[in-house]
Each structure stands twice: as structure tokens, then as C-alpha cells.
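Here are my notes for you as you open the model. Keep the structure on screen and click along with each point.

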Amino acid sequence: MLSDLPIEVLLDNLLPWLAIPDLIHLGQTDHFFARLCDDETFWKRKLEEDFNFTDERTARISGWKRLYRGLRNPKTYVWGETSKGRLGLKPKKIPNSTLHDVPYPVELQIESGARIVSLSAAGWAFFALDSTGSVYVWGTLNGTSYALQHDGYSEPAKPAHTPLKLDMPSPTRNISCGRLHATTLDDQHHVWTFLSWGRPFRLGTLALDATSLDSTPALVESGWNFSSVLTKSGDVYVWWPFAAPLKDVIAAQSAAMDAADLKAYATEGGVIPCSTWELHEEPTRLPPLPQLPELPLGSAEPVKLVKLAALESRLIGLTNHGHVLSISVESDVAVRSERWEYLPNFSEIDKVQQHPAYVSSQLKPPQSLRISHISAQFKTFVAYSVGSSSVILLGSHETHADSNPVILPALQNNDVISVVLGDYHYGALTSTGKLLTWGEYSRGALGLGDPGKLSPGQPGGYRTEAHKKAAVANGGPYPPGISEPAEVSFGHEEAQRDKMFCFAVAAAGWHMGALVIDLEVRFWLTEF
């Protein structure tokens, strides 16, 4: 009988070859195959194979089958400040709100019908990755300057007012945005740096030639002014494209490409034909990890870095055992005298249990702890664990070994799987598909609704009716920020509130974006 075969054989050698309708029918035959066809690891692997969806930047541990179903037709939402085209919305799609920005999620239509599976936000722009590995961009990559109307996308300040597709040599797998640039990793293990959308360069170096674990990039991470890559062996390399000597090399190459008229003008079909080139330069290798203490839930494997998160001029590292570390990467010269600093108050269970947030309140402290994910942007970073008893620890660019994290009670034990950070606004995504935001109003980036229409005292609104009336009459001032995370509503209609499931979110600057699936849409057998 088929059920007599080892489960591993069925999961690895049979189920992947079945069409979706056949999988569903097989799962309806008996209890054994029902459990087999609901296997979380199988659906997670199928999401990556079929939709280019890895979800590696979140702490999601379940719900992969639901996501697979929803990724047949995901929706992209954006909100916040509208300047520099950063939301990618056509003028008629920008709502007429009290304070003139977009204070709640508005759906962004990508005309090619691309299935977006991942979002990353830069200072004035978004990068979106679709299920085929193609990249779409909108906004302005360098919003500190201006471009002429006839300039091509070799010019960093050239805005894309609506989404445009980048024509790159190979499918993209990983994107990380800084303030004025982005770093990507493609399926050939090539690392690309974008200082403009039309003229990315590939880092050509033996250190990242993918001939061994030591030289195979695992992920890329962008700080405000630097790029970094983590290899599969746990080594970290950093480069600074806005500073000498790279800045001078890039400027000379740009002048040569301008002379050759390789200016990357967008086609009528909304495609930027990228003029790619290779930069032969050795990135700076960061020092090895210091001696680290043993942690209770540590891996059986040797300690190594497995994740990176970048601040303005600092990197946060996370090991496979749950150690959180920090290192300054201000410049090439300065980093050579730096060392990784271990952060015990962000890593060790006994240190976290003694935090004032637990000692002096009704908040239940964690009984065990293994930090599994980190994120960072500008001056803030977050370290967090997974599951219903998840712990969310916030730090800053000033955090050192003796620093205590900031703990927001509303985020603890709440199944948070992702935390994203704008300049002054923040978001937390839960495994149940809810997005919570807090911080400053930031031109609507909290996404909690038009403050001129919210009831006084409601999150995102004004404190009193008098303040609200004055703002409606005068177009300001902005409402106060909020310290208690509040839920964002998608669809902006009351009837839609419980039907939308957010599975990815991105933030930067004064804007935010999210990917959402509609739980009411019926497509499963008929769509395959």
C-alpha cells in the first residue's frame, strides 16, 4: 500500500510531483493522508519552489498551506507620505484626506499582473519581488536630489511614479534596502548593489565566488550608507558605495556609461532595461565572533552568524544559538579596529526575566528564550523569538553590553512574526495576519485612518474634538503619536476588516507597505 512507504519518501518523492487538485483529493481519502498533505514543511518548501516565497525575514512557523492558497492572488497596499512618488499610486488613487497624505492602506495595482511575494522599503521608494524572481520598483531611489524629465534611470534621483519592472540577468531571491540604495542576491549567488535602478553593479570578488561555503552568499543586508553580505559559513563582508575608494570607481564608470549613452530609459511597457556592470573590489571582512556563553536552547552545531540587521552605521548579528551581537561599521578604516560586542540582555533568559517590565507589572515573563530573528532600520533594532509566548526586545544604535532592551507589553506573548521600522513609526505582524503599528504619525505612515474622521481618543486620531475640528479647518497640525500598538484595517471598509490576512510588511522613512490575501476569495481546485 502507498501508506506503507516511509513518510520521508512520500513527502520528498511523491507529493511534490502531484498537481494541486490531486494533492487535495489525496488528503481527503483518510486521516493518514489528511495529515500528510497538511505537512507544514512540505507546503513551506512548495511555496519557495512555486512562488519564490521564502519568508526568511519573519518568524513564521505555520500557516504555509493557507499562504500557498492565498498567493494565487495577493494584494499590495501602501500608505504614508506621497512625495517623490514613493507610494506608486496614480493621482486618482490618492484619497482626499484631511492632511493630504495617505493615512490608511490603499491598494496598489501593478499593471503587469505580477504576483508580489515580498516587499522592501527604501527612504523614498519600494522594491517588490514577484513569484518569478522579477523586481518591481516605484518612488525615488535617491530622494535627496532631483532629475530632469529626459533623464534615464541611470540617474539615482529619477522618480518612478508607478511600478516599473527591472530587466536583470537572473531571477532575484533576496532584497534589502538602505536609505538611498539597495542590495540584492540572485539565484546565481551574485550580489548586486543598486545606486540607481538602471545601473546596478555586481560585486566581483573571490571572497564571494560561491565555490565553497565560505564564499557563498546566504543573504544581503543594507544599512543607510553601506551594504553587507553574510556567507553560508557565517562570515560577514561590508562595502561602502558612497565613500572613497568605491565612490570614485563608481563615478568613473558612470561617466564612461553616460558617454556610451547607457542611460536606462524605461520602455513603453514599463520595463527598465538595466545596464549592469561588474565592480572588481575586495569588500571588508568583519572580525570573527568573540567567545560566547552557552545558551540553554542553543544548537548542537558550532556557533556562527545566521542573520544580519543593519542600522544607520551599525550591524546587528544573530547566531544559530540565539546570541545577539552588535558592531559599528562607520567606515572602512574605522571597522578594522572594531569588534563584535555581545548583548546578554537581548540573549539570555535570566537577564530578560529580570527586566523591569516583567518585575513591576502583571506581564508574564518568558519561561524559555531563544532569539531567532532580528530587524533594524535607522536608529532602532529588534530581536525577537517565535510562537505564542514570543518575546520582542527593542534596542537602538546606542545599545551596548549593559543596556536594557525596551519592552512593549502589548507586543509580548502575541505571536509576532515580523517587526518593521520606519524612521519614527513601527509595525508588528502577527501569525494571525494582523498588523499593529505605533510611533509618530509620520504623514499617515501608521495607517490607522484619516485623523479628521476618527473619533477623538481613537488610535491615530486627535485627543479632543476641538483639536480635530481645528485640524480639519486648517489642514493641521498632525495628531499625536501613539505608544500602544493599534491594528491596521485593510480594505478600509468595515465589512472587510475580518476578511483580510496580512502576510508581509515593509517600512522605511515615512511610509509603509503590506502584502495581503483575501480570506473570502474561493480559489483552490478550480485555479489549478
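1. Start with helix α6, which gives the second largest pocket more of its lining than any other element, with five residues. Please keep in mind that you are looking at a predicted model. The second largest pocket has 22 lining residues in total, and Ser154, Pro156, Leu195, Ile250 and Ser254 are the ones nearest its centre. Its volume is about 460 Å³.

2. Now check the length of α6. At 1.5 Å a residue, the 14 residues of this helix (residues 246-259) should span 20 Å, and the C-alpha atoms at its ends are indeed 20 Å apart, so expectation and model agree. Just beyond the helix, look for Asp261, where phi is positive, at about 60 degrees.

3. Which residues of α6 are buried? They are Leu246, Ile250 and Met257. They sit on the same side of α6, because the arc they cover around the axis is only 25 degrees. The cover over the buried residues of α6 includes the strands β10 (201-204), β13 (236-239) and β15 (277-280). Do notice that Ile250 turns up twice in these notes: as a buried residue of the helix and as one of the residues nearest the centre of the second largest pocket.

4. Next, go to helix α2 (residues 20-27), which is mostly covered, with six of its eight residues buried. The buried ones are Ile20, Pro21, Leu23, Ile24, Leu26 and Gly27. What do the buried residues of α2 pack against? Their partners are three helices: α3 (31-36), α4 (40-51) and α5 (64-70).

5. Strand β1 (residues 75-80) is also mostly covered: six of its six residues are buried. In a regular strand, side chains alternate between the two faces of the sheet. You can follow this in β1, where Lys75, Tyr77 and Trp79 point one way, Thr76, Val78 and Gly80 point the other way, and all are buried.

6. Which strands pair with β1? One is β29 (residues 511-518), joined to β1 by six bridges in the antiparallel sense. To find your place there, look for Val78, which stands opposite Gly513 in β29. Another is β2 (residues 102-108), again antiparallel, with four bridges. Here Gly80 of β1 stands opposite Val102 in β2. As a reminder, strands of a sheet pair through backbone hydrogen bonds, either parallel or antiparallel.

7. Stay in this region for Glu81, in the loop between β1 and β2. Is Glu81 buried or exposed? Its relative accessibility is 11%, and buried means under 20%, so Glu81 counts as buried. Leaving aside neighbours within four places in sequence, Glu81 is in contact with Arg86, Leu87, Asp101, Arg443 and Trp510. For a sense of scale, Glu81 and Ser375 are 294 residues apart in sequence and 23 Å apart in space, C-alpha to C-alpha.

8. Met168 is another loop residue to look at, placed between β6 (160-167) and β7 (172-177). With a relative accessible area of 15%, Met168 is buried too, because the cut-off for buried is under 20%. Beyond its neighbours within four places in sequence, the contacts of Met168 are Trp192, Phe194, Pro200, Cys274 and Thr276. Between Met168 and Tyr265 there are 14 Å from C-alpha to C-alpha, and the two are 97 residues apart in sequence.

9. For a whole sheet, trace the open one with four strands in the order β17-β18-β19-β20, paired antiparallel. Its edge strands are β17 (305-310) and β20 (341-342), each of which pairs on one side only. Strand β19 (residues 324-328) runs antiparallel to β20, and two bridges join them. Leu325 stands opposite Tyr342 in β20.

10. Finally, try the enclosed spaces. The model has two cavities of 30 Å³ or more. The second largest cavity holds about 40 Å³ of space. Its lining is made up of Leu295, Pro296, Leu297, His321, Gly322, Ser347, Leu369, Arg370 and Ile371.

Terms used. Residues numbered from 1 in each chain as written. Predicted model: local features only at pLDDT ≥ 70, side-chain atom pairs only at ≥ 80, totals over all residues. Heavy atoms only, no water. Expected span 1.5 Å × (residues − 1). Buried < 20%, exposed > 50% of the residue type's maximum accessible area, 1.4 Å probe, protein only. Arc of directions from axis to C-beta. Contact = heavy atoms within 4.5 Å. Pairing = 2+ DSSP bridges. 1 Å grid on protein atoms, 1.4 Å probe; cavity = no way out; pocket = protein on both sides within 12 Å on 5 of 7 lines; lining within 4 Å. Points joined across faces, edges and corners; volume = space filled by probe spheres on them.
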